[in-house]
Amino acid sequence: MPLETAEYLLALPEIWVLGMACLILVLDLFIRDDSRILTYLMVQATLVVAALITLAVQVPEPVLAFGNTFISDGMATLLKLFIYLVTGMGFLYARPYLQDRGLFKGEFYVLGLFAMLGMMIMVSASHFLTIYLGLELLSLCLYAMVAFNRDSGTCSEAAMKYFVLGALASGMLLYGISMLYGATGSLEIAAVASAIGAEEGSSIVLIFALCFIVVGLAFKLGAVPFHMWVPDVYHGAPTPVTLFIGSAPKIAAFAIVMRVLVDGLGGLVADWQGMLVILAVLSLAVGNVIAIAQTNLKRMLAYSTISHVGFLLLGVLAGTPDGYAAAMFYTITYALMAVGAFGMIILLSRAGFEADELEDFRGLNARNPWFAFMMLILMFSMAGVPPTVGFYAKLSVLQAVIQVDMVWLALVAVFFSVIGAFYYIRLVKIMYFDSPTDEAALQSNPGLRAVLSVNGLAVLGLGLFPGGLMALCSAALL
Amino acid sequence: MSNLPLLSLLIWLPILGGLLVLAVGERAPVRPLALVVSILTFLASLLLYTGFDATTAAMQFEERLSWIAAFNVFYHLGVDGISMPLIILTSFTTVLVVLAGWEVIKERMAQYLAAFLIMEGLMIGVFSALDAVLFYVFWEGMLIPMFLIIGMWGGPRRVYATIKFFLYTFLGSVFMLVALIYMYNKAGGLFGVLDFHQLQLGLTEQVLIFLAFLIAFAVKVPMWPVHTWLPDAHVEAPTGGSVILAAIMLKIGGYGFLRFSLPITPDASMELDWLIITMSLVAVVYISFVALVQEDMKKLIAYSSIAHMGFATLGFFLVFSILRNTGELSGAAMGIQGGMVQMVSHGFISAALFLCVGVLYDRLHSRQIVDYGGVAHRMPIFAGFMVLFAMSNAGLPGTSGFVGEFMVILASFKANFWYAFLAATTLILGAAYTLWMVKRVLYGEVTSDKVAKLQDINGREFLVLGSLAVPVLLFGVWPAPLVEVMQVTIENLLAHITVSKL
């Protein structure tokens, strides 16, 4: 099949990021340590240009390319833009942290760019192999990033755990995909969907394939009972890497859930719905309850992620366009909140000191009222208290669930979010009601401070005017 | 009617004023700034009264803008005879709270004042929101400043109290959220409160929705047996926090019954009115006994608040038994009106009593009744005010406390003699616990050196207590202005709830 120029044009953002990542990898070798900032600036410029290209090549209707392995549609465009945004913020927050610890090396950013390329491929995949390739590119980069601080034992341990469990999950997914190929004779998502649609009922092989695929996806999302890696990896990895893992890859993971379960296996909705109900309820329960027992903020946020994944799955399992839009809205806003919360840890940390214990936030309001307020907004947003954006995320998901007559599921979800509210407001209590024990100044990097402020205000601002982003999410799925 | 978006002004003026207070920081003269903002808001809220048309039950001062198009959510504001008095009560109380904290609060004054101003805006938002999502946003948003107020400026056990307060109310409201979303789907994608009023619902649905609302509002009121957060929150809160809690936040629960429970689920209200009446009567009788044995003045007033709010909820739900008993509606309106008058009057009286305790606490740093005695010898003017408010709390004729209780008791006679009998015990019990406290605190010999050194109230405190004494007496002898504005709205509400939705 001859490839047209137009097809390359559709994949121009990916080609650009790939080219730049390779170029930066080479150029970085010739940059001296004291002007390493050049690498950083090139990386950020790459993201900005990638966003412009993505906007320039967006298409009104979904278009398939490269022998139906690549798709460009509204969802891909929107999610890619948010992936750039969240990744760029993550890179920005990471810089002062890495500089303080002598870790400010080009590899971090190059690995980050390749990971982002993996995510872009995932959101634009229309073929099971493309999905798998993107996922593996992302995962391999993340494994290396977790172990980025070579001298730290906990980092290496976390990376090892992540690698072993991640490889297992990839294996599950691949096994499911291969069975799917056996049952339907194709790996193109559209072809699989029509093959399933043509069948009467669902065959055993298909259900079997579905199980493995759901398990693989649940591993990647960190849904209970496949969540074991999440707290250890979040805790063990250097904070900027935790920030990165906890934010943008969630968007990509949501994208493949949509591509695989909704677009590909939509015909089996009755079967995967039940599986997702179990995953969602367990994630909500385990995430929220165990988070209460944590004294380490990174671990607490890890369990909070698990509970948020539960909410995200609620939106997907509703199986309606409203539900998918709600889940997408939830994912994007969650990524923004997670970036901000981990950014706060970086803000409070300094060379030789990690502010990742809850106690390290004691009396933050007395030390710096502005950033205490930002963290307050982020925490209330995660708890789902209006007028922050987290409330609308929960509202839209609950609406989708109630719309399909699963009121009991909505009741379970709100019940566990009340339990979850406890550990978020406990952090607010620590910041506002306790006296500070640590009087050291916060990170003074002006870029970090400015973007973190914008991040917090965005969570509040989107809470006052959530309509625009909601409309974008609904429109992206049409 | 002018084109001035008065309700938006009332909501956003204090919120923006609060943000301004935060922005100028601790060193600037934030007290006068906050006072100016609160007075301006109060004056603006008086325009609501002067511009109000008491002859119609329709919503007035309406504003309607599209807000979240994806969910058909509107920024829809409006007031009727039920919400208008409560808004004025809110803006009035906030002025007093700002004044009351003038010298007392030593730390983080700007944050303290900003929290109260922002909360004022949110509370006015609750009373004027006519869109369920908007209502819920204000309703929940209110928790954040209150959580901080109790936790930052409260007493020794403030952290326990404030987390209990937050989780209790949060638990109550999430079930309401589910009910609201359920009705949104039922109504075909509308979140308007007035649309919900017209929504046809089956009995089972109504009962479930009613229960979801009941959890939310009963926690807020609070009704027995979900009242246990209130004494803790009151005792630990700073004086201003207690005043806002008692005067306004409790009323939001009562308002919820009138705006949501009764009109949206009339049949369920009819089925389950025994439940509310029982809970209310238990609150009136049992909680009054509990109040009697309190050693801590703030706790005593907190329990008295629960008992008094029991009257309000009793009044709201007498309608159906009156209808069953007499077949006519004449007494029913009096019950709801009595409940409303009780809420407004209790707003003044409880605020005043908490401020009185605050005056004593600022001097002696104790809330225990045993630490006082003979205060009247040293603080005669203060004693005069406190006796007045105590009498009003006990329901003495000629004070506003009497009017509401009397109307509710009259209405309950029409419903059932025993309701009236139990409700009327409050006249004895209320007098017992309030006056006994007054006797032990104010009268008798001067018990300690500390009391002997007490200074009488200063001009600021006189102004605060005096401005509460005026409405307490005014509505006691002439409740007409209050009753008239809500007359038509309540009749309309009655006409609506007596038509079955089945």
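No salt bridges at all turn up between chain A and chain B: the count is zero. Polar contacts do appear across the interface of this predicted model, with four residue pairs picked out between chain A and chain B, both partners at pLDDT 80 or more.

As for who brings what on the chain A side, six helices each put at least two residues into the face that touches chain B, namely α16 (364-367), α17 (369-383), α18 (389-403), α19 (407-432), α20 (446-464) and α21 (467-476) of chain A. The top contributor is α19(A), which hands over 13 residues to that face. Sorted by residue type, the side of chain A that touches chain B comes out as 29 nonpolar, seven polar and one charged.

In overall terms, the contact draws on 37 residues from chain A and 32 residues from chain B. Putting the two chains together buries about 3200 Å², and carbon and sulfur atoms account for 84% of that area.

One residue of chain A can be looked at in its own right. A:S381 sits in helix α17 of chain A, a helix that also supplies at least two residues to the side touching chain B. With a relative accessibility of 0%, A:S381 falls under the 20% cut-off and therefore counts as buried. Setting aside neighbours within four places in sequence, the residues in contact with A:S381 are A:M337, A:T388, A:V389, A:G390, A:F391 and A:V459.

Notes: Residues are numbered from 1 along each chain as its sequence is written. Chains are lettered from A and ligands numbered from 1 in the order in which they are written. This is a predicted model: local features need pLDDT of at least 70, side-chain atom pairs count only at pLDDT 80 or more; totals for chains, interfaces and linings use all residues. Side-chain values use heavy atoms; hydrogens and water are left out. Contact means heavy atoms within 4.5 Å. Buried area is the accessible area (1.4 Å probe) that two parts lose on being put together, summed over both. A salt bridge is a side-chain nitrogen of Lys or Arg within 4 Å of a carboxyl oxygen of Asp or Glu. A polar contact is a pair of N or O atoms within 3.5 Å; within protein, one must be able to donate a hydrogen and the other to accept it, and residues adjacent in sequence count only if both atoms are side-chain atoms. Helices (H or I, at least four residues) and strands (E, at least two) are DSSP runs, numbered from the N terminus. Ala, Val, Leu, Ile, Met, Phe, Trp, Tyr, Cys and Pro count as nonpolar, Asp, Glu, Lys and Arg as charged, and the others, Gly among them, as polar. Buried means under 20% relative accessible area, exposed over 50%, partly exposed in between (1.4 Å probe, protein chains only).
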